[in-house]
Amino acid sequence: MSKKVFYLFFFLLLSSFGFANQKTLSIEKNRLVWDYAGSLPAQKEFDKNIGTAGLLQGVIENYIIVGGGANFPEPLEKGGKKVTHKDLYLLKDINGKLKTIDQIQLDYPIGYGVSVSVEEENAIYYLGGSPDSEHMRDVLKITLKNEKLKTEIYAKLPLGFENGVAQYKDGKIYYGVGKIENSEGKNVNSNKFYVFDLKTKETKELEPFPGEARQQTVGQILNNKFYVFSGGSNVSYIDGYTYNFKTNTWNKVADVIVDNEKILLLGANSIKIDNDKMLVIGGFNYDLWNEANDKLSNLKDDELKNYKTAYFGAEPSWYNWNKKILIFDATRNSWKSIGEVPFDAPCGAALLIMNSNIYSINGEIKPGVRTERMYKAYIISK
(Lines give C-alpha, C1' and ligand atoms only; values in the text may rest on other atoms or scores of the structure.)
Protein backbone atom coordinates (compact mmCIF):
# COMPACT_ATOMS: atom_id res chain seq x y z
CA MET A 1 0.00 0.00 0.00
CA SER A 2 1.43 3.41 -1.00
CA LYS A 3 1.86 6.15 1.61
CA LYS A 4 -0.74 8.27 -0.18
CA VAL A 5 -3.34 5.48 -0.11
CA PHE A 6 -2.49 4.67 3.53
CA TYR A 7 -2.97 8.26 4.72
CA LEU A 8 -6.26 8.52 2.80
CA PHE A 9 -7.46 5.29 4.42
CA PHE A 10 -6.34 6.51 7.86
CA PHE A 11 -8.14 9.84 7.43
CA LEU A 12 -11.37 8.13 6.36
CA LEU A 13 -11.11 5.77 9.33
CA LEU A 14 -10.75 8.72 11.73
CA SER A 15 -13.63 10.51 10.06
CA SER A 16 -15.92 7.53 10.50
CA PHE A 17 -15.38 7.49 14.26
CA GLY A 18 -15.02 11.23 14.86
CA PHE A 19 -12.06 13.05 16.36
CA ALA A 20 -11.53 12.84 20.12
CA ASN A 21 -13.23 16.05 21.18
CA GLN A 22 -14.93 17.06 17.95
CA LYS A 23 -18.28 18.63 18.73
CA THR A 24 -20.32 16.66 16.20
CA LEU A 25 -22.72 14.12 17.65
CA SER A 26 -25.31 12.09 15.76
CA ILE A 27 -27.93 12.39 18.48
CA GLU A 28 -31.20 12.89 16.66
CA LYS A 29 -31.14 9.52 14.90
CA ASN A 30 -30.04 7.75 18.09
CA ARG A 31 -30.92 7.99 21.76
CA LEU A 32 -29.17 9.18 24.89
CA VAL A 33 -28.76 6.76 27.79
CA TRP A 34 -27.78 8.46 31.04
CA ASP A 35 -25.79 6.93 33.89
CA TYR A 36 -24.54 8.17 37.25
CA ALA A 37 -20.88 9.17 36.84
CA GLY A 38 -19.88 9.91 40.42
CA SER A 39 -19.79 12.88 42.79
CA LEU A 40 -17.20 15.56 43.39
CA PRO A 41 -15.02 15.40 46.52
CA ALA A 42 -15.63 17.94 49.26
CA GLN A 43 -14.18 21.41 48.98
CA LYS A 44 -11.13 21.64 51.23
CA GLU A 45 -12.83 23.58 54.04
CA PHE A 46 -15.91 21.32 54.09
CA ASP A 47 -16.81 17.82 55.24
CA LYS A 48 -18.79 16.98 52.09
CA ASN A 49 -19.70 18.38 48.70
CA ILE A 50 -23.39 19.27 48.53
CA GLY A 51 -23.12 20.37 44.90
CA THR A 52 -22.68 23.76 43.33
CA ALA A 53 -24.21 25.85 40.54
CA GLY A 54 -22.53 28.37 38.25
CA LEU A 55 -19.36 26.33 37.82
CA LEU A 56 -16.26 26.97 35.80
CA GLN A 57 -16.24 24.25 33.15
CA GLY A 58 -14.22 23.01 30.21
CA VAL A 59 -12.42 20.21 28.41
CA ILE A 60 -8.67 19.95 27.81
CA GLU A 61 -7.66 16.93 25.76
CA ASN A 62 -9.22 13.92 27.56
CA TYR A 63 -9.87 15.72 30.84
CA ILE A 64 -12.80 17.65 32.25
CA ILE A 65 -12.16 20.65 34.49
CA VAL A 66 -14.89 22.03 36.74
CA GLY A 67 -14.89 24.08 39.88
CA GLY A 68 -15.89 27.14 41.80
CA GLY A 69 -19.62 27.73 41.84
CA ALA A 70 -21.92 28.54 44.75
CA ASN A 71 -24.30 26.81 47.13
CA PHE A 72 -26.12 27.19 50.45
CA PRO A 73 -24.51 25.08 53.22
CA GLU A 74 -27.37 26.24 55.45
CA PRO A 75 -30.85 25.99 53.86
CA LEU A 76 -32.06 29.12 52.12
CA GLU A 77 -35.50 28.91 53.74
CA LYS A 78 -33.78 29.07 57.15
CA GLY A 79 -31.85 32.19 56.27
CA GLY A 80 -28.78 30.43 54.87
CA LYS A 81 -26.26 32.57 52.98
CA LYS A 82 -24.78 31.77 49.60
CA VAL A 83 -21.16 30.55 49.69
CA THR A 84 -18.97 30.78 46.59
CA HIS A 85 -16.10 28.29 46.33
CA LYS A 86 -12.52 28.27 45.02
CA ASP A 87 -11.81 24.56 44.46
CA LEU A 88 -10.99 23.34 40.94
CA TYR A 89 -11.18 19.66 39.97
CA LEU A 90 -9.40 17.79 37.19
CA LEU A 91 -11.57 14.81 36.17
CA LYS A 92 -10.88 11.80 33.98
CA ASP A 93 -13.43 9.30 32.70
CA ILE A 94 -12.33 5.88 33.94
CA ASN A 95 -14.72 3.02 33.16
CA GLY A 96 -17.68 5.38 32.93
CA LYS A 97 -17.04 7.25 36.18
CA LEU A 98 -15.42 10.67 36.54
CA LYS A 99 -12.43 10.28 38.84
CA THR A 100 -10.69 13.25 40.45
CA ILE A 101 -7.07 13.36 39.28
CA ASP A 102 -6.18 16.72 40.83
CA GLN A 103 -7.86 19.21 43.17
CA ILE A 104 -6.49 22.69 43.84
CA GLN A 105 -7.74 25.93 45.33
CA LEU A 106 -7.64 29.34 43.73
CA ASP A 107 -6.65 32.35 45.80
CA TYR A 108 -10.22 33.63 45.57
CA PRO A 109 -13.72 32.19 44.99
CA ILE A 110 -15.37 32.12 41.56
CA GLY A 111 -18.89 31.47 40.31
CA TYR A 112 -21.27 32.44 37.50
CA GLY A 113 -18.54 33.68 35.16
CA VAL A 114 -18.27 32.34 31.60
CA SER A 115 -15.98 29.50 30.51
CA VAL A 116 -14.48 29.17 27.04
CA SER A 117 -12.40 26.14 25.98
CA VAL A 118 -9.76 26.92 23.34
CA GLU A 119 -8.64 23.62 21.86
CA GLU A 120 -5.65 24.90 19.91
CA GLU A 121 -4.16 26.26 23.14
CA ASN A 122 -5.26 23.35 25.36
CA ALA A 123 -6.61 26.03 27.69
CA ILE A 124 -9.79 27.25 29.34
CA TYR A 125 -10.45 30.95 29.79
CA TYR A 126 -12.83 32.06 32.54
CA LEU A 127 -14.18 35.61 32.40
CA GLY A 128 -15.35 37.49 35.49
CA GLY A 129 -17.57 35.62 37.89
CA SER A 130 -16.20 36.43 41.33
CA PRO A 131 -18.00 37.85 44.38
CA ASP A 132 -14.79 39.74 45.20
CA SER A 133 -14.79 43.16 43.53
CA GLU A 134 -11.04 43.02 42.86
CA HIS A 135 -11.51 39.84 40.81
CA MET A 136 -14.81 40.44 38.99
CA ARG A 137 -12.84 41.68 35.96
CA ASP A 138 -10.31 38.83 35.85
CA VAL A 139 -9.67 36.69 32.82
CA LEU A 140 -8.43 33.46 34.39
CA LYS A 141 -6.46 30.97 32.25
CA ILE A 142 -6.40 27.27 33.17
CA THR A 143 -3.96 24.78 31.63
CA LEU A 144 -2.56 21.33 32.42
CA LYS A 145 0.92 19.96 32.97
CA ASN A 146 1.56 16.34 33.92
CA GLU A 147 -2.04 15.91 35.11
CA LYS A 148 -1.75 18.98 37.35
CA LEU A 149 -3.91 22.09 37.08
CA LYS A 150 -2.14 25.39 36.41
CA THR A 151 -3.87 28.79 36.71
CA GLU A 152 -2.94 32.40 36.05
CA ILE A 153 -4.72 35.73 35.87
CA TYR A 154 -4.23 36.29 32.15
CA ALA A 155 -5.79 39.74 31.72
CA LYS A 156 -8.36 42.19 33.06
CA LEU A 157 -11.71 43.11 31.51
CA PRO A 158 -12.69 46.79 31.50
CA LEU A 159 -15.87 45.99 33.46
CA GLY A 160 -16.96 43.25 35.85
CA PHE A 161 -18.98 40.48 34.24
CA GLU A 162 -21.07 37.46 35.24
CA ASN A 163 -24.11 35.37 34.28
CA GLY A 164 -23.65 36.03 30.58
CA VAL A 165 -22.73 34.13 27.44
CA ALA A 166 -19.39 33.72 25.64
CA GLN A 167 -17.87 31.83 22.72
CA TYR A 168 -14.46 31.64 21.04
CA LYS A 169 -13.75 32.42 17.39
CA ASP A 170 -10.49 33.12 15.52
CA GLY A 171 -8.35 34.14 18.47
CA LYS A 172 -11.08 36.19 20.14
CA ILE A 173 -13.73 35.68 22.81
CA TYR A 174 -17.12 37.25 22.14
CA TYR A 175 -19.10 37.83 25.34
CA GLY A 176 -21.86 39.81 27.01
CA VAL A 177 -25.65 39.85 27.53
CA GLY A 178 -25.37 39.23 31.27
CA LYS A 179 -24.67 41.20 34.41
CA ILE A 180 -22.10 43.88 33.67
CA GLU A 181 -20.53 46.42 36.03
CA ASN A 182 -22.11 49.88 36.00
CA SER A 183 -20.70 53.27 37.00
CA GLU A 184 -21.42 52.52 40.67
CA GLY A 185 -19.38 49.31 40.59
CA LYS A 186 -22.43 47.02 40.73
CA ASN A 187 -23.13 44.25 38.22
CA VAL A 188 -26.55 44.85 36.65
CA ASN A 189 -28.51 43.20 33.83
CA SER A 190 -27.22 44.42 30.49
CA ASN A 191 -27.55 43.88 26.74
CA LYS A 192 -23.98 45.01 26.00
CA PHE A 193 -21.78 42.81 23.81
CA TYR A 194 -17.96 42.75 23.56
CA VAL A 195 -15.02 41.05 21.92
CA PHE A 196 -11.84 40.24 23.86
CA ASP A 197 -8.68 39.66 21.78
CA LEU A 198 -6.56 36.92 23.34
CA LYS A 199 -3.39 38.14 21.63
CA THR A 200 -3.58 41.86 22.39
CA LYS A 201 -5.68 41.45 25.57
CA GLU A 202 -7.80 44.36 24.41
CA THR A 203 -11.60 44.56 24.69
CA LYS A 204 -13.87 46.28 22.18
CA GLU A 205 -17.57 47.04 22.57
CA LEU A 206 -19.73 45.79 19.71
CA GLU A 207 -23.30 46.38 18.59
CA PRO A 208 -25.53 45.67 21.61
CA PHE A 209 -27.86 42.71 21.84
CA PRO A 210 -31.27 43.94 20.57
CA GLY A 211 -33.39 42.37 23.29
CA GLU A 212 -34.04 43.75 26.78
CA ALA A 213 -31.22 43.76 29.33
CA ARG A 214 -31.01 40.32 30.94
CA GLN A 215 -28.84 37.56 32.41
CA GLN A 216 -28.28 33.79 32.09
CA THR A 217 -28.73 33.59 28.33
CA VAL A 218 -27.50 30.57 26.36
CA GLY A 219 -25.75 30.59 23.02
CA GLN A 220 -23.43 28.95 20.53
CA ILE A 221 -21.68 29.79 17.27
CA LEU A 222 -23.63 27.98 14.56
CA ASN A 223 -23.18 28.38 10.81
CA ASN A 224 -20.53 31.00 11.57
CA LYS A 225 -22.95 33.22 13.54
CA PHE A 226 -23.41 33.70 17.28
CA TYR A 227 -26.91 32.62 18.39
CA VAL A 228 -28.15 33.91 21.76
CA PHE A 229 -31.45 32.89 23.39
CA SER A 230 -33.75 33.48 26.34
CA GLY A 231 -32.55 34.61 29.78
CA GLY A 232 -34.39 36.73 32.29
CA SER A 233 -34.52 39.75 34.55
CA ASN A 234 -37.55 40.34 36.76
CA VAL A 235 -39.46 38.68 33.90
CA SER A 236 -38.63 35.75 31.63
CA TYR A 237 -37.68 35.85 27.95
CA ILE A 238 -37.83 33.23 25.21
CA ASP A 239 -36.63 35.34 22.26
CA GLY A 240 -33.55 34.60 20.16
CA TYR A 241 -31.14 36.62 18.04
CA THR A 242 -28.11 35.94 15.90
CA TYR A 243 -24.97 38.07 15.63
CA ASN A 244 -23.18 38.46 12.30
CA PHE A 245 -19.42 38.73 12.85
CA LYS A 246 -18.79 40.34 9.45
CA THR A 247 -21.38 43.11 9.65
CA ASN A 248 -21.53 43.62 13.45
CA THR A 249 -25.33 43.35 13.31
CA TRP A 250 -28.05 41.28 14.99
CA ASN A 251 -31.11 39.62 13.48
CA LYS A 252 -34.18 37.99 15.06
CA VAL A 253 -34.45 34.19 15.00
CA ALA A 254 -36.92 31.64 16.38
CA ASP A 255 -38.28 31.97 19.91
CA VAL A 256 -37.79 29.00 22.23
CA ILE A 257 -41.15 27.33 21.65
CA VAL A 258 -41.54 23.54 21.45
CA ASP A 259 -44.94 21.93 20.81
CA ASN A 260 -46.60 25.31 21.46
CA GLU A 261 -44.92 25.58 24.88
CA LYS A 262 -42.77 28.56 25.82
CA ILE A 263 -39.56 27.25 27.35
CA LEU A 264 -37.39 29.49 29.50
CA LEU A 265 -33.65 28.79 29.19
CA LEU A 266 -32.67 30.97 32.13
CA GLY A 267 -30.27 28.77 34.10
CA ALA A 268 -29.91 26.25 31.25
CA ASN A 269 -26.66 25.28 29.55
CA SER A 270 -25.82 24.40 25.96
CA ILE A 271 -23.31 22.44 23.89
CA LYS A 272 -22.59 22.52 20.18
CA ILE A 273 -23.28 19.13 18.59
CA ASP A 274 -22.84 19.98 14.90
CA ASN A 275 -21.93 22.94 12.74
CA ASP A 276 -25.58 24.03 12.69
CA LYS A 277 -27.01 22.50 15.90
CA MET A 278 -26.88 23.05 19.63
CA LEU A 279 -28.25 20.93 22.47
CA VAL A 280 -29.74 22.55 25.59
CA ILE A 281 -30.55 21.07 29.01
CA GLY A 282 -32.18 22.81 31.97
CA GLY A 283 -33.97 26.08 32.58
CA PHE A 284 -36.43 27.52 35.08
CA ASN A 285 -40.17 27.42 34.42
CA TYR A 286 -41.42 30.33 32.31
CA ASP A 287 -44.62 31.11 34.24
CA LEU A 288 -43.33 30.31 37.73
CA TRP A 289 -40.30 32.58 37.25
CA ASN A 290 -42.61 35.52 36.54
CA GLU A 291 -44.94 34.67 39.42
CA ALA A 292 -42.17 34.19 41.97
CA ASN A 293 -40.45 37.43 41.03
CA ASP A 294 -43.73 39.30 41.37
CA LYS A 295 -44.73 37.81 44.71
CA LEU A 296 -41.28 37.93 46.31
CA SER A 297 -41.02 41.60 45.32
CA ASN A 298 -44.53 42.77 46.22
CA LEU A 299 -45.97 40.65 49.04
CA LYS A 300 -45.56 41.97 52.59
CA ASP A 301 -45.35 40.65 56.14
CA ASP A 302 -47.20 37.36 56.76
CA GLU A 303 -48.22 36.94 53.13
CA LEU A 304 -44.57 37.14 52.08
CA LYS A 305 -43.48 34.81 54.89
CA ASN A 306 -46.11 32.22 53.98
CA TYR A 307 -45.28 32.40 50.30
CA LYS A 308 -41.55 31.93 51.00
CA THR A 309 -42.30 28.92 53.20
CA ALA A 310 -44.38 27.27 50.50
CA TYR A 311 -42.14 28.29 47.62
CA PHE A 312 -38.77 27.28 49.05
CA GLY A 313 -40.12 24.20 50.82
CA ALA A 314 -41.54 22.40 47.77
CA GLU A 315 -40.08 19.26 46.19
CA PRO A 316 -37.98 19.71 43.01
CA SER A 317 -40.71 18.35 40.73
CA TRP A 318 -43.13 21.08 41.87
CA TYR A 319 -41.09 23.82 40.18
CA ASN A 320 -41.54 22.17 36.78
CA TRP A 321 -38.10 23.17 35.55
CA ASN A 322 -37.27 22.14 32.00
CA LYS A 323 -36.37 18.44 31.74
CA LYS A 324 -36.62 18.38 27.95
CA ILE A 325 -33.47 17.78 25.94
CA LEU A 326 -33.74 20.49 23.32
CA ILE A 327 -32.13 20.80 19.91
CA PHE A 328 -31.92 24.06 17.99
CA ASP A 329 -31.28 23.70 14.25
CA ALA A 330 -29.84 26.95 12.86
CA THR A 331 -30.29 25.87 9.24
CA ARG A 332 -34.02 25.29 9.79
CA ASN A 333 -34.35 28.02 12.44
CA SER A 334 -36.36 25.66 14.64
CA TRP A 335 -36.49 24.04 18.07
CA LYS A 336 -37.49 20.49 19.01
CA SER A 337 -37.26 18.05 21.92
CA ILE A 338 -35.58 14.65 21.68
CA GLY A 339 -36.69 13.37 25.10
CA GLU A 340 -36.10 14.20 28.75
CA VAL A 341 -33.28 13.83 31.26
CA PRO A 342 -34.00 11.04 33.81
CA PHE A 343 -32.87 13.18 36.74
CA ASP A 344 -33.99 16.43 38.39
CA ALA A 345 -33.81 19.27 35.88
CA PRO A 346 -30.60 21.22 36.59
CA CYS A 347 -29.99 24.96 36.42
CA GLY A 348 -26.47 26.35 36.51
CA ALA A 349 -25.00 22.90 35.83
CA ALA A 350 -21.84 22.24 33.84
CA LEU A 351 -22.66 20.68 30.45
CA LEU A 352 -19.83 19.29 28.35
CA ILE A 353 -18.91 17.06 25.41
CA MET A 354 -15.88 14.79 25.57
CA ASN A 355 -15.10 11.84 23.30
CA SER A 356 -18.63 11.75 21.89
CA ASN A 357 -20.21 11.60 25.35
CA ILE A 358 -22.21 14.27 27.19
CA TYR A 359 -21.69 15.13 30.85
CA SER A 360 -24.02 17.04 33.18
CA ILE A 361 -22.28 18.02 36.42
CA ASN A 362 -23.97 19.37 39.57
CA GLY A 363 -26.38 22.32 39.26
CA GLU A 364 -29.35 23.67 41.17
CA ILE A 365 -32.40 21.36 41.37
CA LYS A 366 -34.70 23.72 43.32
CA PRO A 367 -34.20 27.23 44.69
CA GLY A 368 -31.22 27.13 47.05
CA VAL A 369 -30.58 23.38 46.68
CA ARG A 370 -27.84 21.84 44.53
CA THR A 371 -26.98 18.28 43.58
CA GLU A 372 -23.52 16.79 44.03
CA ARG A 373 -24.18 14.19 41.33
CA MET A 374 -22.54 13.92 37.91
CA TYR A 375 -24.16 12.19 34.93
CA LYS A 376 -22.86 10.79 31.67
CA ALA A 377 -24.93 10.26 28.52
CA TYR A 378 -24.00 7.52 26.04
CA ILE A 379 -25.26 7.67 22.48
CA ILE A 380 -27.02 4.40 21.64
CA SER A 381 -28.41 3.40 18.26
CA LYS A 382 -32.20 3.09 18.20
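How far apart are the mean positions of the positive and negative charges of the chain? The mean positions of the 48 positive and 46 negative charges are 5 Å apart, where Lys and Arg count as positive and Asp and Glu as negative, with His and the chain ends not counted, and where each charge is placed at NZ of Lys, CZ of Arg, CG of Asp or CD of Glu.

The model is predicted, so that local features need pLDDT of at least 70 and side-chain atom pairs count only at pLDDT 80 or more, while totals for chains, interfaces and linings use all residues. Residues are numbered from 1 along each chain as its sequence is written, and side-chain values use heavy atoms, with hydrogens and water left out.

**Overall form**

The chain has 3 helices and 33 strands, taken as DSSP runs numbered from the N terminus (H or I over at least four residues for helices, E over at least two for strands). Its radius of gyration is 20 Å, close to the 21 Å that the globule rule gives for 382 residues, so the chain is as compact as a globular protein of that length; the radius is taken over C-alpha atoms, and the rule is 2.2 Å times the number of residues to the power 0.38. Along its principal axes the C-alpha trace spans about 85 × 50 × 50 Å. Of the 382 residues, 53% count as buried, meaning under 20% relative accessible area, with exposed over 50% and partly exposed in between (1.4 Å probe, protein chains only).

**Strand 29 and its hairpin**

All 5 of the 5 residues of strand 29 (residues 350-354) are buried, so this strand is largely enclosed by the rest of the structure. In a regular strand the side chains alternate between the two faces of the sheet. Here A350, L352 and M354 on one side and L351 and I353 on the other are all buried, which leaves both faces of strand 29 covered. Strand 29 pairs with strand 30 (residues 357-361) in the antiparallel sense over 5 bridges, pairing being assigned if DSSP finds at least two bridges, and L351 stands opposite S360 in strand 30. The hairpin has 2 residues between these strands, and N355 takes a positive phi near 50° in it.

**Positive phi in two loops**

K201 and N320 also have positive phi values, and neither is a glycine.

| Residue | Phi | Loop | Relative accessibility |
|---|---|---|---|
| K201 | near 65° | between strand 17 (193-197) and strand 18 (203-205) | 38%, partly exposed |
| N320 | about 55° | between helix 3 (301-313) and strand 27 (324-329) | 49%, partly exposed |
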